Amino acid sequence: MASSITEPKLEKKEEEENPTGDDEDTGAQVAPIVNLQPVSVSTGEENEHVLLDLKSKLYRFDKEGGQWKERGVGTVKLLKHKETGKVRLVMRQSKTLKICANHLVLPTMSIQEHAGNEKSCVWHAADFADGEVKEETFCIRFASIENCKTFKEKVEEIAESQQTKSGESEEAGAAATELIEKLSVESKDKTDKPEDKEAPAPTEEKEDEKEENAADEKN
């Protein structure tokens, strides 16, 4: 008897605590207060082709403190411009997308393996990451030796190809200069060369004067 009286009370209490049920869908829809329009963000890489894309950690050597300082963790890219053919190295921090490194891969760029660490490379460059050109010494570390080797070989390949293009441009420039100088000399020779002038035909008045002078001499 006692149990039969107690059980209904417990069931009624549970119904009061959860009158609608856990899985019941009300079907209500809340409209957003503000409608946000999609915004296109320019990264400055739209006209460039990605040659290499690897995750890494970048360090910068602090000359005043004489030690390496972490620049950021993110993705390092080698980007080739579609029109000029120039290649630059760009690295952004993974969370903030702040630029850690931004410089051209020039023929003079030399990259070396960091002493005592096969996963790291060191190089020197004129960097523009902070909005002004600064001579920086960088050290980059990868998760594996293979990635470090791939990065090093690709940079060396690009630097060599840029040097070849630079040599071809210099040869073309020298040939153009030589041609211009040659044309200038030929033009000068033509200008300085005296032209043969035809003697003016004697007029009838001058002939009459000559005859009168000859008659006076006879008289």
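Where in the chain is the place of I33? In this predicted model, I33 sits in the loop that runs between α1 (2-17) and β1 (48-62). That loop turns up again further on, so it helps to start with the overall layout.

Taken as a whole, the protein chain contains three helices and seven strands. Walking along the sequence, the elements come in the order α-β-β-β-β-β-β-β-α-α. Of the 219 residues in the protein chain, 20% are buried. The exposed area of the protein chain is about 17,600 Å², and carbon and sulfur atoms account for 50% of that. As for how the sequence folds back on itself, take the contacts between residues at least 6 apart in sequence: 49% of these join residues at least 24 apart.

Back to I33. With a relative accessible area of 87%, I33 counts as exposed, because the cut-off for that label is over 50%. I33 also has partners at the surface: together with V34 and L36 it makes up a nonpolar patch, and the three share about 420 Å² of accessible area.

The picture is quite another one at H103. This residue belongs to strand β4, which covers residues 99-104. Its relative accessibility is 3%, so H103 is buried, the limit being under 20%. The side chain of H103 has a polar contact with the side chain of W123, at 3.1 Å. Setting aside neighbours within four places in sequence, the residues in contact with H103 are R88, L89, M109, W123, A125, A126, D127 and F138.

Strand β6 (residues 120-127) holds V122. Here the chain comes back to meet itself: V122 and C139 are 17 residues apart along the chain, yet their C-alpha atoms are separated by 4.4 Å. C139 is also one of the contacts of V122 once neighbours within four places in sequence are left out; the others are W68, S110, I111, Q112, H114, T137 and F138. F138 appears in the contact list of H103 and in that of V122.

Then there are the charged pairs. Side chains of opposite charge can pair when their charged atoms come close. The count for this model is ten salt bridges. One of them brings together the side chains of K77 and E45, at 3.4 Å from N to O. K77 lies in strand β2 (residues 67-81) and E45 in the loop between α1 and β1, so this salt bridge ties together parts that are 32 residues apart in sequence. K77 is partly exposed at 22% relative accessibility, whereas E45, at 14%, is buried.

E45 has a second salt bridge, this time with the side chain of R92, at 3.5 Å from N to O. Since R92 lies in strand β3 (residues 87-93) and E45 in the loop between α1 and β1, the pair ties together parts that are 47 residues apart in sequence. In this way the loop that holds I33 is also linked through E45 to strand β2 and to strand β3.

Another salt bridge joins K134 and E132, whose closest N and O atoms are 3.9 Å apart. Both ends of this pair are partly exposed: K134 has 31% relative accessibility, and E132 has 47%. The two also belong to a wider arrangement, a network of salt bridges that links R71, D130, E132 and K134.

Terms used: Residues numbered from 1 in each chain as written. Predicted model: local features only at pLDDT ≥ 70, side-chain atom pairs only at ≥ 80, totals over all residues. Heavy atoms only, no water. Helix = DSSP H or I, 4+ residues; strand = E, 2+ residues; numbered from the N terminus. Buried < 20%, exposed > 50% of the residue type's maximum accessible area, 1.4 Å probe, protein only. Polar contact = N/O pair within 3.5 Å; in protein donor to acceptor, adjacent residues only side chain to side chain. Contact = heavy atoms within 4.5 Å. Areas by Shrake-Rupley, 256 points an atom, 1.4 Å probe, with all protein chains shown as cover. Patch = residues over 30% accessible without salt bridge, like charges linked within 9 Å, V, L, I, M, F, W, Y side chains within 5 Å. Salt bridge = Lys/Arg side-chain N within 4 Å of Asp/Glu carboxyl O.
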